[in-house]
Amino acid sequence: MRSILPVLTVVAVIVALWYAAAVAMNATWVRDQAARAGTEVSFQELVPRTLAQDRPVLPAPHQVAKGLWDGWAGQAVTSRRSLVYHAWITLSATLVGFGIGTGLGILLAVGIIHNRAMDQSVMPWAIASQTIPILAIAPMIIVVMNSIGVSGLLPKAIISAYLSFFPVVVGMVTGLRSPDRMQLDLLSTYNASRSQTFWKLRLPASMPYLFASLKVGIAASLVGAIVGELPTGAVAGLGARLLQGSYYGQTIQIWAALFTAAIVAAALVGIVGAVQAVVLKRMGMAR
Amino acid sequence: MSDAATGRPVIDARKVGLTFQTADGPVHALKDVNLSVMKGDFVSFIGPSGCGKTTFLRAIAALEHPTEGDLRVNGMTPDEARKRRAYGYVFQAAGLYPWRTIAGNIRLPLEIMGFPKPEQDRRVKDVLQLVELEGFGKKYPWQLSGGMQQRASIARALAFDADILLMDEPFGALDEIVRDRLNEALLKLWAQTGKTIGFVTHSIPEAVYLSTKIVVMSPRPGRITDVIESPLPRERPLDIRDSAEFIAIAHRVREGLRAGHSYDD
Ligand SMILES: Nc1ncnc2c1ncn2[C@@H]1O[C@H](COP(=O)(O)OP(=O)(O)OP(=O)(O)O)[C@@H](O)[C@H]1O
Ligand SMILES: [Mg+2]
């Protein structure tokens, strides 16, 4: 209970600042309209008009809330105007991409710790891959995949995997290498094989590291799926909503889509966190 | 058994030397070490920090490799002996896996060595009893005190019934009372099992109380300065530590340690 008060205070401050910014940023348009009509607007008249525009520069919090409400609850979930529909399109690509990225990341990490050649060759490439701006590489992936007849979910999932494998590789390599010298020596006195060392020591020891990187990875996956929807002018998905919103100046739609993405991201990270808590507790690693 | 009959040492070191190559040049951790340990011996290694006690124990366990001389375990190289699972090693820290229960930790070597499941259960139960941890099998390591964890790690080393038990300052971090109890328990266990034990310690009374053979070492380079065959009987109540014999041996160990130190100056 005590911790909720500071949180609410911060939220209240943000909302207040947001309203102030909305008034300030949308005022120009109101004044222009008034000047065109040859009238003067007083401050009392100005404020309500800045907060009730159809295409404001910065929508007010209640407008975004209404946009979100309409999008989530005001439509059939199969409708093109439903945010649930668009969120699902993006989410499905996110989850497939996250699955591919996590699988690939774990495989690479296992290779890296067991094979000196992979250790020296894979990591630099993995790091280099992340220095290329995703906005530059996403259109290429989409175009190449389209040209071989693959479109829809898979190209987006690939981009999503491209972003999410990296934190998993880094986290898993660290985790699989986390057992100290003594723990490894102990297995050596048992004459344990490499695979026994992996399954009985390295893998369980890496679990906390894996979950930490999965949290980063799943958020990155969502970003990847949204970015994957931008270059093609896709008709569905949160990325498509963002893009259409900016074509037509539908700022409320943009913000509603942004908030939906944030909510989905928070939910995904929360789910990973819950799985983490359960798994580590069952392993006896959480106290 | 035949080892005892033929009188072949279980551990036989001849002119063993071990040099670590480090960035600051070579470190002579062991030099000219000669030692024979017979079956059923309880050997303590004592000496100032850095004299190579851990290194020698690790060399016996094939965790380090001598750069000179000849080291044999059961007539084999340490590596061959390791592959035949000739020893249980107890490290200074208990090093239990936090994701395994106490029973699970003790089961670890048994799983690795492929013991059948019912046999695993039986052995886990037996060694838990041996170290007086019955009823703690289902607990996780962090739920146990340091002394209990250390006993669990000893149980883990005993579970697969290797002939040789190597222990590197297993009770170093424990208080005097717990240490006494564990020392007694260890002697009892040794009497029951007839194992050959190599034991590193910094404590003179502990070394004298436990051992049939006390190896005094000194540093730079790490070497053996004295080997004392204990005349104490194998049956040793705690108050044997007040006997004249005990005090005489402790005195000789102390003298040996002092001599090793003055060599430095
Ligand atoms: N892996 C290593 N690399 C380099 N030098 C080492 C290594 N291990 C030990 N040494 C050196 O070898 C010497 C002997 O070390 P060792 O750990 O055997 O001493 P010790 O008698 O066990 O000391 P302590 O009582 O403090 O545990 C020391 O000088 C130490 O610095
Ligand atoms: Mg040591």
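The exercises below work through a predicted model, each with a solution in steps.

**Exercise 1. The surroundings of ligand 1**

Determine which residues come nearest to ligand 1, which elements of chain B give residues to its shell, and how that shell divides by class.

Step 1. Around ligand 1 there are 13 residues, and those that come nearest are Ser49(B), Gly50(B), Lys53(B), Thr54(B) and Thr55(B).

Step 2. Look next for polar side-chain atoms beside the oxygen atoms of the ligand. The side chain of Thr54(B) has an N or O atom 2.6 Å from an oxygen atom of ligand 1, a polar side-chain atom of Thr55(B) lies 2.5 Å from an oxygen atom of the ligand, and for His202(B) the distance from a side-chain N or O atom to a ligand oxygen is 2.9 Å. With a cut-off of 3.5 Å for a pair of N or O atoms, the pair of Thr54(B) at 2.6 Å counts as a polar contact, and so does the pair of His202(B) at 2.9 Å.

Step 3. Turn to the area: ligand 1 taken alone exposes 630 Å², and the protein buries 65% of that.

Step 4. Assign the shell to elements of chain B. Strand E1 (11-22), strand E2 (25-37) and helix H2 (53-60) each give two or more residues, and the largest share, three residues, comes from H2(B).

Step 5. Sorted by class, the shell holds four nonpolar, seven polar and two charged residues.

**Exercise 2. The interface of chain A and chain B**

Describe the contact between the two chains by its residues, its buried area and its charged pairs.

Step 1. The contact takes 22 residues from chain A and 25 residues from chain B, and the area buried between the chains is about 2,200 Å², with 61% of it given by carbon and sulfur atoms.

Step 2. On the side of chain A, the residues that lose the most area to chain B are Thr189(A), Tyr190(A) and Lys200(A), which together make up 30% of what that side buries.

Step 3. Side chains of opposite charge can pair when their charged atoms come close. The rule finds three salt bridges across this interface; one of the salt bridges between the chains joins Lys200(A) to Glu111(B), with the closest N and O atoms 2.9 Å apart. Across the interface there are also ten residue pairs in polar contact.

Step 4. Helix H8 (181-189) and helix H9 (194-229) of chain A each supply at least two residues of the side that touches chain B, and H8(A) gives the largest share, eight residues. By class, this side of chain A has eleven nonpolar, six polar and five charged residues.

**Exercise 3. A salt bridge and two backbone features**

Locate the salt bridge of Lys66(A), the cis peptide bond at Pro221(B) and the positive phi of Ala62(B).

Step 1. Among the 25 salt bridges found over all chains, consider the one between Lys66(A) and Asp70(A), whose closest N and O atoms are 3.3 Å apart. Both residues lie in helix H3 (residues 61-73) of chain A, four residues apart, which is about one turn of the helix.

Step 2. Most residues other than glycine have a negative phi, and most peptide bonds are trans. A cis peptide bond, with omega about -10°, joins Arg220(B) and Pro221(B), and Pro221(B) sits in the loop between strand E8 (213-218) and strand E9 (223-229) of chain B.

Step 3. Ala62(B), a residue other than glycine, has a positive phi near 65°, and its place is the loop between H2 and strand E4 (68-73) of chain B.

Definitions and conventions:
Residues numbered from 1 in each chain as written. Chains lettered and ligands numbered in written order. Predicted model: local features only at pLDDT ≥ 70, side-chain atom pairs only at ≥ 80, totals over all residues. Heavy atoms only, no water. Near = heavy atom within 4 Å. Polar contact = N/O pair within 3.5 Å; in protein donor to acceptor, adjacent residues only side chain to side chain. Areas by Shrake-Rupley, 256 points an atom, 1.4 Å probe, with all protein chains shown as cover. Nonpolar A, V, L, I, M, F, W, Y, C, P; charged D, E, K, R; others polar. Contact = heavy atoms within 4.5 Å. Buried area = accessible area lost by both parts, 1.4 Å probe. Salt bridge = Lys/Arg side-chain N within 4 Å of Asp/Glu carboxyl O.
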